[in-house]
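Here is a short briefing on charged pairs and on how two chain copies are arranged. Look over the sequence and the structure, then work through the points below.

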2 protein chains.
Amino acid sequence: MAQKPSIPKGTRDFNPDQVAKRSYIFDTIKSSFERFGFQPIETPSFENSDTLMGKYGDEGDRLIFKILNSGDYLKDLRKNWSSAGVLINNFFLFIEGLFIRDISKWDVDIKKGIEDFFDEEYRARVEDFIDKRKVMLLEVNNRYKNFSQAEKAFQRQEIFIDFFETYILNKLLDSNESSKIISEKALRYDLTVPFARYVVQHRNEIELPFKRYQIQPVWRADRPQKGRFREFFQCDADVVGSKSLWQEVEFVQLYDEVFTNLGLKGTTIKINNRKILYGIAEVIGAQDKLIDFTVALDKLDKIGEEKVKEEMRNKGISDEGISKLQPLFTLKGGFGNQVESLKTILSTSEIGLKGIEELEFIDKAISTLQLKSASLQLDVTLARGLNYYTGAIFEVSAPEGVQMGSIGGGGRYDDLTGVFGLKDVSGVGISFGLDRIYLVLEELDLFPETVSNKVDVLFINFGEAEALFALKAIKSLRENGSNAELYPDNAKMKKQMTYANKRNVPYVVLVGDEELKNNQYTLKDMSSGVQQKYSLDELLNKVKK
Amino acid sequence: MAQKPSIPKGTRDFNPDQVAKRSYIFDTIKSSFERFGFQPIETPSFENSDTLMGKYGDEGDRLIFKILNSGDYLKDLRKNWSSAGVLINNFFLFIEGLFIRDISKWDVDIKKGIEDFFDEEYRARVEDFIDKRKVMLLEVNNRYKNFSQAEKAFQRQEIFIDFFETYILNKLLDSNESSKIISEKALRYDLTVPFARYVVQHRNEIELPFKRYQIQPVWRADRPQKGRFREFFQCDADVVGSKSLWQEVEFVQLYDEVFTNLGLKGTTIKINNRKILYGIAEVIGAQDKLIDFTVALDKLDKIGEEKVKEEMRNKGISDEGISKLQPLFTLKGGFGNQVESLKTILSTSEIGLKGIEELEFIDKAISTLQLKSASLQLDVTLARGLNYYTGAIFEVSAPEGVQMGSIGGGGRYDDLTGVFGLKDVSGVGISFGLDRIYLVLEELDLFPETVSNKVDVLFINFGEAEALFALKAIKSLRENGSNAELYPDNAKMKKQMTYANKRNVPYVVLVGDEELKNNQYTLKDMSSGVQQKYSLDELLNKVKK
């Protein structure tokens with residue numbers, strides 16, 4: 001009954017070192033969130049399916065992990081199938097009828113037969129079946145009277161099974177349709193929709209503006225690949241219930257604060273505004289192609305100017321429109337310079353100018369308040385899930401030289417909670433990409449040495465009396481803030497020392513006969529190899545954290 | 001499209017206050033775990049189904065949440081169904097045959113018909129069907145030749161649908177059978193089985209003895225009720241790879257440490273040993289009734305001596321045996337006294353005496369090392385999932401006067417990893433019941449005031465220039481360790497103060513024209529109502545954390 005153990009693809013085990021490093025990132029983010037006045041909430045791992053379904057597009061729906069109902073979850077599916085019994089029976093009668101009908105009245109008879117035997121839902125299906133197999137059926141019908149009993153039975157079976165598999169099985173065991181019947185719960189796909197649900201459900205307990213943060217895992221049935229997992233943590237901070245641009249200012253500062261605290265200096269906080277994208281589309285007469293236009297523009301970094309223009313042309317954006325864009329491709333310099341160019345481009349677009357005004361507000365405030373280690377950069381090609389955002393759009397990239405996609409992103413989205421029945425609640429928020437931040441810190445060797453919660457002192461076990469004597473010292477060491485433990489077994493010295501080495505324990509304490517008699521402890525510094533005898537007080541002092 | 005939002009039964013949203021209190025408990029437990037040399041690991045929320053299924057008994061299997069496969073998960077079920085088409089067709093032919101058979105040769109003909117039309121799998125089912133409906137079928141057969149065409153069709157439909165629903169549907173849409181086909185992953189049910197899987201899967205990276213802790217949610221499709229949830233956290237610490245009783249000593253100390261640190265004084269750590277239970281069963285000649293015997297004994301607290309005896313008698317334990325138990329019911333006094341009585345009872349049981357020896361070892365060590373606030377108590381009625389544990393059994397109860405079940409439990413289990421192919425690895429561990437500990441701390445008002453990460457200072461928003469000036473001070477306050485924020489909108493003063501009140505903000509800062517001019521901040525102490533002007537340095541000093 002032994003099984004070779006493994007875990008589902010796209011999921012991960014985390015060993016002690018990894019957990020410690022991840023906790024370090026979480027804790028840093030959390031404490032910054034709290035400094036900025038955000039409060040934690042937590043929502044259940046699974047939500048009612050109708051809370052999640054339809055919120056992430058068809059592709060998203062497909063990627064949501066569904067949980068099978070408990071108990072006899074197929075009960076209702078069986079109930080649906082009961083009607084299939086009648087259908088199957090009718091189909092039999094119908095085939096029989098087919099075979100004794102006068103072939104000259106075939107079409108009229110078929111039509112009448114279908115009306116007699118099938119209800120509306122199935123009529124179209126039976127007609128489709130007959131239609132596709134008309135020639136074959138006519139032939140069988142023609143020869144039917146001459147068939148032997150066995151041949152007749154064989155023909156009928158062929159036709160029935162064809163119908164059964166094509167029409168009945170595929171319809172009644174349809175995965176999409178059945179999901180709603182056999183699964184009513186689904187694993188969280190992100191933290192934004194559950195947050196919107198939370199805000200609406202608890203609206204009477206919440207004081208708006210509500211600043212919440214949430215650090216929890218989410219699950220997506222995506223094809224796993226390097227850096228993309230089926231279970232991963234999201235770290236989100238959002239404010240709902242205020243349209244104030246000070247929030248955007250705060251979020252830029254928050255990004256700077258977190259990455260500075262993580263020692264990750266030189267990040268770039270890219271900012272854009274959906275209103276600018278809309279304004280540009282307006283100016284070039286492509287409002288109806290807003291998504292095509294921004295999807296193409298978003299690729300500028302990757303595929304270059306010419307290919308972006310080609311894609312726009314292919315999507316039906318006029319040459320004239322594209323020529324108006326020319327300044328966009330050559331936008332250079334700091335925030336101010338870019339904004340001036342944009343003002344020229346967008347001079348005829350009210351909404352575009354509004355977007356510029358918002359950007360300028362944020363830039364001005366940040367210039368006064370100053371960032372610690374990040375820089376704020378305008379990037380008009382930034383789109384990020386355009387349909388979602390309605391104002392500011394953020395994305396953070398790692399310091400230059402590190403090959404890594406964005407390590408954070410966010411933006412403003414009006415009407416976050418509308419889908420749950422609470423209108424006109426604006427939200428703005430940012431997210432930190434834990435897994436990528438981890439990889440960046442690892443690559444740049446930025447995890448503090450002290451991150452891993454290693455054991456500080458290991459006591460070697462020389463037998464019962466010695467062990468008990470050791471445990472007394474261990475108790476004091478722990479009270480002193482040290483992580484201390486006794487090797488549990490009175491094993492060979494070599495084995496115990498190997499264990500100490502493999503676990504990277506900095507200090508080992510040896511208590512033998514002599515130490516026991518003199519009420520002393522021999523402390524061995526594992527890096528220098530130096531051994532010395534100490535009293536308990538001295539020992540506590542020596543390994544003080 | 002507005003939905004009334006809700007969450008699945010048995011799950012919970014946690015508001016900021018609850019998250020803060022839960023984090024306080026988690027953090028306290030975590031830091032004690034680390035003091036004692038335990039290292040954190042984390043495992044995926046879902047495991048391959050075959051890792052979990054069959055590990056918790058039939059009842060457990062039923063309570064495991066299964067995750068629907070992605071994509072066209074019913075594909076394989078449809079494949080299975082294809083064979084049903086042939087079966088259905090054959091059943092039709094068979095019914096027809098039934099009706100034209102000579103009733104005098106009924107039994108012989110039926111038998112032959114079944115053999116002709118059905119393969120082995122279905123023969124028994126068809127026979128059963130015919131058997132149960134023989135009288136009815138005979139009657140129909142008898143009258144069949146006189147039926148009109150319509151009556152014939154009606155009769156055949158009745159019989160077919162009966163068969164279809166009773167025999168085909170129930171078999172092919174069986175929830176248990178289908179689970180294996182449409183679901184290959186399941187949500188973690190506890191942390192012990194995933195830990196065992198982890199140890200075996202990573203055995204080459206792990207140094208034994210391996211002391212791990214794990215604090216993660218688990219999911220059970222239990223009927224939700226007061227204090228029982230479908231998603232809840234487990235906090236486990238276990239050691240694998242050592243049979244040393246020092247581990248048991250350490251776990252008793254660990255319980256004491258955690259509850260003391262939580263301010264929860266006066267807990268009782270109850271201890272028993274499976275070997276003692278086995279020894280008692282041996283002495284009274286009921287080894288084969290070990291489970292019945294201990295289940296009954298476990299109820300002593302609740303139902304009293306007489307009813308326990310009655311239950312034992314009902315389970316077939318002899319009066320002579322029960323009379324040998326008499327001393328158990330009157331076990332009184334401290335550890336030592338109880339042990340002496342047990343030694344008398346168990347004098348003829350080698351394994352029982354071994355259990356006593358283990359208990360004495362632990363008691364002696366704990367007496368020397370001393371507990372801070374808990375007391376260790378022998379409880380021979382303690383059983384807790386007996387099949388699982390093989391040595392020590394622990395259970396912690398809240399201080400007297402608090403009505404609450406156990407707030408922690410654990411024990412030693414040999415061969416933890418055997419089911420995954422790694423034999424002879426002994427494990428011992430304990431678990432903390434987060435939800436119950438939360439309730440006890442709440443009831444006894446033991447959460448520290450500082451637990452909630454509230455905002456320390458809120459700045460009122462009087463307009464753009466004032467807000468920017470405020471944000472400079474906020475930046476300094478945050479660097480000083482305070483949680484500070486700006487009210488985002490330039491709303492009416494009253495609205496902003498109401499917000500400050502509802503969020504329980506201790507300090508509010510007002511910056512108007514005058515303050516801006518004089519580079520000052522008006523600080524209002526919300527509890528006293530006192531307002532005073534300060535420079536930035538003074539302000540920082542005043543609200544220093």
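Buried means under 20% relative accessible area, exposed means over 50%, and partly exposed lies in between. At 33% relative accessibility, B:Asp17 therefore counts as partly exposed. Keep in mind that this is a predicted model. Side chains of opposite charge can pair when their charged atoms come close. Over all chains, the count comes to 69 salt bridges.

**Pairs within one helix**

- B:Asp17 forms a salt bridge with B:Lys21, at 3.1 Å from N to O.
- Both residues of this pair, B:Asp17 and B:Lys21, sit in helix 1 of chain B. They are 4 residues apart, which is about one turn of the helix.
- B:Lys21 has 13% relative accessibility, so it counts as buried. Its partner B:Asp17, at 33%, is partly exposed.
- In chain A, A:Glu305 and A:Lys309 form a salt bridge, and their closest N and O atoms are 2.9 Å apart.
- A:Glu305 and A:Lys309 belong to helix 14 of chain A, which covers residues 300-314. Because they are 4 residues apart there, about one helical turn separates them.
- A:Glu305 is partly exposed, because its relative accessibility is 25%. A:Lys309 is buried, because its value is 10%.

**A pair between distant parts of the sequence**

- B:Asp435 and B:Arg12 meet through their side chains in a salt bridge of 2.8 Å, N to O.
- B:Asp435 lies in helix 19 of chain B (residues 434-443), while B:Arg12 lies in the segment before helix 1 (16-35) of chain B. The pair therefore ties together parts that are 423 residues apart in sequence.
- Are B:Asp435 and B:Arg12 buried or exposed? Both are buried.

**A network in chain A**

- Which residues are linked with A:Arg12 in a network of salt bridges? They are A:Arg22 and A:Asp435.

**How the two copies are arranged**

- Two copies of a chain are related by a rotation about an axis and a shift along it.
- Here, a turn of 180° and a shift of 0.1 Å along the axis lay chain A on chain B, with an RMSD of 0.4 Å.
- The two copies are thus related as by a two-fold rotation axis.
- In chain A, the C-alpha nearest the axis belongs to A:Ile67, and it is 1.9 Å from the axis.
- Of the interface residues of chain A, 100% are also interface residues in chain B, so the copies meet through the same surface.

Methods. Residues are numbered from 1 along each chain as its sequence is written. Chains are lettered from A and ligands numbered from 1 in the order in which they are written. This is a predicted model: local features need pLDDT of at least 70, side-chain atom pairs count only at pLDDT 80 or more; totals for chains, interfaces and linings use all residues. Side-chain values use heavy atoms; hydrogens and water are left out. A salt bridge is a side-chain nitrogen of Lys or Arg within 4 Å of a carboxyl oxygen of Asp or Glu. Helices (H or I, at least four residues) and strands (E, at least two) are DSSP runs, numbered from the N terminus. Buried means under 20% relative accessible area, exposed over 50%, partly exposed in between (1.4 Å probe, protein chains only). Copies are superposed by least squares on the C-alpha atoms of residues with pLDDT of at least 70 in both. Contact means heavy atoms within 4.5 Å.
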